[in-house]
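These are my notebook entries on one protein model and the ligand it holds. I set down what I looked up, entry by entry.

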Amino acid sequence: MTDDRTADTLDAAPEAASSPSTQTNWSETLTFTPATAASPRCLAELREVVRLAHAARKQVRARGSGHSWNPAIATADCSVNTSRLTPEGKHACVCDVIGAAPAGQGNCMEVTHATVTGADGRTYRRISVPAGMCQGDFARLAQQLGAPLPTQGPAPDITLSGFVANGCHGTGWSEPTVAELVYGLELVAPDGSVLTFTADASPPGFEDLGLSPAELMNVVRVNQGALGVLARIVFQLPAEPFNLRVSNAFVPVTDVFDRADPGKLQRLIEGHDYVEIFWFPYNAYKMKGLVPVPEGPEHDTLWVMMFDRTSDPVSGDATFVELWNDAFGVLALAGGAIGPLVDRLPRVVPAMSNFALHTMKWKNHFSDPVVLTPPDAFLYQKHYFRGFLDLEFTMPMDGAQGFADVVAAFYQLVDRMEAWRSGSEGDTPYPVNLNAHARFVRNSQATLSPAYAPAGSSQHTCYFEYLSYSHGELTDTYLAFNREFYAPEHGLGWKKWGGLPNWGKYLDSVPGIDEYVHSLLTAKRGAGANRLEQFLAVRDRIDPDGATFTNEYLRGFFTGHQVARQPLRGAPGASYPEMPAEPPRRAFPLANVEHAAPTRPMRAEGMELYHDLAAGAAFLLNEHGEVNLLALEHDPTTGMLHYVPAAPSQHLGFEAILERVARFHQHRQAG
Ligand SMILES: Cc1cc2nc3c(=O)[nH]c(=O)nc-3n(C[C@H](O)[C@H](O)[C@H](O)COP(=O)(O)OP(=O)(O)OC[C@H]3O[C@@H](n4cnc5c(N)ncnc54)[C@H](O)[C@@H]3O)c2cc1C
């Protein structure tokens with residue numbers, strides 16, 4: 001590669017680049033203003049944008065759909081958004097017109113595919129796609145080509161470029177991460193040239209590094225945007241169609257996470273091809289007056305999602321698939337309004353956790369396991385709200401001890417939350433207020449993968465994450481909790497287990513993360529180069545000293561020196577009516593109530609009213625998409641149900657909430 005820096009400036013950039021405008025990530029927790037924001041529509045434009053930025057000695061940071069919670073995509077110079085590089089955009093490709101397409105490739109946005117036999121004798125489909133394709137579209141394409149993705153994440157709109165660059169994952173005990181499914185990559189280097197890496201051939205210029213093509217692929221596949229801009233990704237997937245038997249269980253916490261018997265977790269994980277576990281914190285509760293009081297985490301219910309491969313035909317109908325793909329149901333719709341409520345009235349968390357657990361609408365259509373195609377089963381997060389924070393760590397797992405470690409990690413989090421709750425004097429008792437989520441995969445040989453293990457290792461990996469609303473002061477609470485959880489005197493939090501964080505999550509919320517990551521990446525591996533040295537040797541070959549593609553954020557991990565980080569911006573809080581000393585109440589006949597458990601609502605005028613008689617609560621999903629919590633008291637002598645609003649909302653005060661409740665009863669009586 002030649003360093004052909006010229007006096008060119010970005011003023012000469014093609015149409016794809018525009019002048020400064022504020023950029024944000026998907027969750028709107030990060031903002032930055034690059035001098036140039038480019039959205040190239042094909043390889044030719046991408047090459048020109050990168051070449052000109054480099055010639056002007058500008059930094060270039062690539063971005064996809066921005067589904068990360070860290071400043072990896074932030075730059076004051078040139079932000080290159082590759083999400084327009086998709087097959088749908090092929091009409092905009094000018095490569096063949098100006099002769100910029102790689103040999104034999106006319107339109108750089110085309111999908112190409114071929115059937116190959118792997119070294120293991122199995123038949124594979126090699127599918128080459130532009131890097132801005134979303135994982136949902138790609139999953140459906142692979143399915144059509146008879147080579148379903150064996151694992152993937154659940155959110156369809158995340159772009160492949162960032163999912164691969166960050167080494168992201170789905171679940172599946174015997175499955176790798178998604179980056180392992182990549183056979184080859186096309187990267188645009190600082191001078192605008194295209195470097196093509198595959199597991200069978202390396203581009204010129206890397207010979208003396210002593211890496212085979214397969215080893216070099218392992219260095220470049222998880223690259224965090226530090227090696228260039230990904231233009232194209234070639235997947236190699238087994239041409240082995242399968243369906244998935246989807247089953248779900250709602251079980252006591254101790255059926256899975258039992259301090260005395262980690263074998264329960266082991267039997268669950270090893271007993272299914274794919275497992276995910278969700279804990280909505282403190283979901284066992286009872287109303288005491290207007291306050292949901294938790295019964296303690298050990299009384300909570302976990303949601304366990306299990307998929308098993310089958311050749312049985314699909315049995316789930318289109319209605320079920322539609323509901324399943326929106327698996328979080330009411331939470332996905334109302335989460336953006338629950339966050340401000342939790343910010344204003346943190347004590348509502350147990351009731352909201354319980355509400356989230358019960359209002360997954362697919363549950364009403366689901367009793368026996370259902371067989372779905374892999375994309376229909378895996379892509380269960382079609383909708384989600386944006387105002388939340390997410391931090392995830394890997395935990396290396398070896399044999400039975402690995403399961404004991406995961407159980408210990410769960411209680412490490414829960415016990416710290418309990419300590420926080422008892423010490424918080426009621427101000428912010430629930431710093432982790434959305435959910436904790438565990439997934440399990442095999443491992444990855446990609447140098448920078450959080451699931452890294454050497455080739456041939458029997459190690460598996462647990463990806464454990466915890467999520468909270470980010471509204472108002474909740475981001476500060478999350479940060480304060482993490483300062484405590486990861487403190488040495490409290491056992492270093494999940495750093496204790498020696499895994500890396502997921503590069504896409506809010507790892508900045510962990511004190512000392514640069515030093516920690518650096519120490520893991522520079523750990524000795526026999527006489528050879530450590531992981532970081534290996535990665536940086538390749539990086540320096542493409543981008544000497546990281547002058548073009550490495551930003552301050554990445555420099556922290558690469559040097560181990562803490563860099564100053566701007567805290568993420570939380571979603572806005574909201575103003576609420578003050579709680580009156582004596583809130584109003586109204587009574588209606590219990591006989592009007594159709595369902596006493598909060599799985600099915602009453603419906604009226606586009607609103608929903610859920611009753612949970614056992615817990616003494618009702619939930620109004622109002623016409624503004626907000627959730628109002630009400631305390632319920634049943635008087636058996638009169639048969640009347642007394643409603644008292646426990647949580648107003650931005651749009652509805654106490655009387656307005658009761659007036660909405662009255663309408664449900666009027667409709668019922670009229671009907
Ligand atoms: C709702 C939601 C669900 C999620 N689910 C999962 C999940 O199941 N599993 C999981 O592991 N993570 C998950 N994440 C995290 C997310 O997948 C990662 O943050 C992922 O990296 C985002 O991809 P992106 O394309 O949006 O990349 P961005 O966030 O835009 O960028 C991430 C990194 O990739 C680099 N990059 C992006 N495009 C390119 C390119 N063309 N060339 C070179 N580098 C590039 C960027 O420079 C940056 O370093 C989820 C996030 C959200 C918000």
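**Entry 1: Ala62.** I began with Ala62, which I located in strand 5. The model is a predicted one, and I read every value below with that in mind. I then looked up the C-alpha distance between Ala62 and Val80 and found 4.7 Å, although 18 residues separate the two along the chain. Beyond the neighbours within four places in sequence, I listed Ile73, Val80 and Val229 as the contacts of Ala62. Val80 therefore appears in my notes both for its C-alpha distance to Ala62 and as a contact of Ala62, where contact means heavy atoms within 4.5 Å.

**Entry 2: the shell around the ligand.** Which residues are closest to the ligand? I counted 35 residues around the ligand, and the closest are Ala62, Gly64, Ser68, Thr159 and Leu230. Ala62, the residue of my first entry, is thus on this list. I sorted the shell by class and obtained 13 nonpolar, 18 polar and 4 charged residues.

I next looked for polar atoms facing the oxygen atoms of the ligand. A backbone N or O atom of Gly66 is 2.9 Å from a ligand oxygen. For His67, a backbone N or O atom lies 2.8 Å from an oxygen atom of the ligand. With Asn166, an N or O atom of the side chain is the partner, at 2.9 Å from a ligand oxygen.

I then asked how much of the ligand the protein covers. On its own the ligand has 960 Å² of accessible area, and the protein covers 98% of this. I also noted which elements give two or more residues to the shell: strand 5 (60-63), helix 4 (160-165) and strand 11 (229-238). Helix 4 gives the most, with 4 residues.

**Entry 3: the whole chain.** I turned to the protein chain as a whole and recorded 16 helices and 26 strands. The C-alpha trace spans about 85 × 55 × 50 Å along its principal axes. I checked the radius of gyration: a compact globule of 671 residues would have a value near 26 Å, and because the chain has 26 Å, the two agree. Of the 671 residues, 61% count as buried. The accessible surface of the chain is about 24300 Å², and carbon and sulfur atoms account for 50% of it. Among contacts with a separation of 6 or more, I found that 73% join residues 24 or more positions apart.

**Entry 4: helix 9.** I looked up helix 9, residues 349-358, and found it mostly covered, with 9 of its 10 residues buried. The buried residues include Val349, Met352, Phe355 and Leu357. Ser353 and Asn354 are also among the buried residues of helix 9.

**Entry 5: Asn243.** I placed Asn243 in strand 12, residues 243-252. Is Asn243 buried or exposed? Its relative accessibility is 14%, so Asn243 counts as buried, the limit being under 20%. A polar atom of the Asn243 side chain lies 2.9 Å from the backbone oxygen of Asp312. Asp312 also appears among the contacts of Asn243 outside four places in sequence, as do Arg309, Pro313, Val371 and Thr373.

**Entry 6: Asp390.** I found Asp390 in strand 18, residues 388-397. Asp390 has a relative accessible area of 3% and is therefore buried. I noted that a polar contact of 3.2 Å joins its side chain to that of Lys505. Leaving aside neighbours within four places in sequence, the contacts of Asp390 are Trp69, Glu465, Tyr466, Leu467, Tyr478, Lys505 and Tyr506.

**Entry 7: two residues with positive phi.** I looked up Tyr282, which has a positive phi of about 60 degrees although it is not a glycine. Tyr282 sits in the loop between strand 13 (274-279) and strand 14 (285-288). Tyr282 counts as buried because its relative accessibility is 1%.

Leu492 is another residue other than glycine with a positive phi, near 70 degrees. I located Leu492 in the loop between helix 12 (474-485) and helix 13 (513-521). How is Leu492 placed with respect to the surface, and what is its relative accessible area? Leu492 has 36% and is partly exposed, whereas Tyr282 is buried.

Terms used. Residues numbered from 1 in each chain as written. Predicted model: local features only at pLDDT ≥ 70, side-chain atom pairs only at ≥ 80, totals over all residues. Heavy atoms only, no water. Buried < 20%, exposed > 50% of the residue type's maximum accessible area, 1.4 Å probe, protein only. Polar contact = N/O pair within 3.5 Å; in protein donor to acceptor, adjacent residues only side chain to side chain. Near = heavy atom within 4 Å. Areas by Shrake-Rupley, 256 points an atom, 1.4 Å probe, with all protein chains shown as cover. Nonpolar A, V, L, I, M, F, W, Y, C, P; charged D, E, K, R; others polar. Rg over C-alpha atoms; globule rule 2.2 N^0.38 Å.
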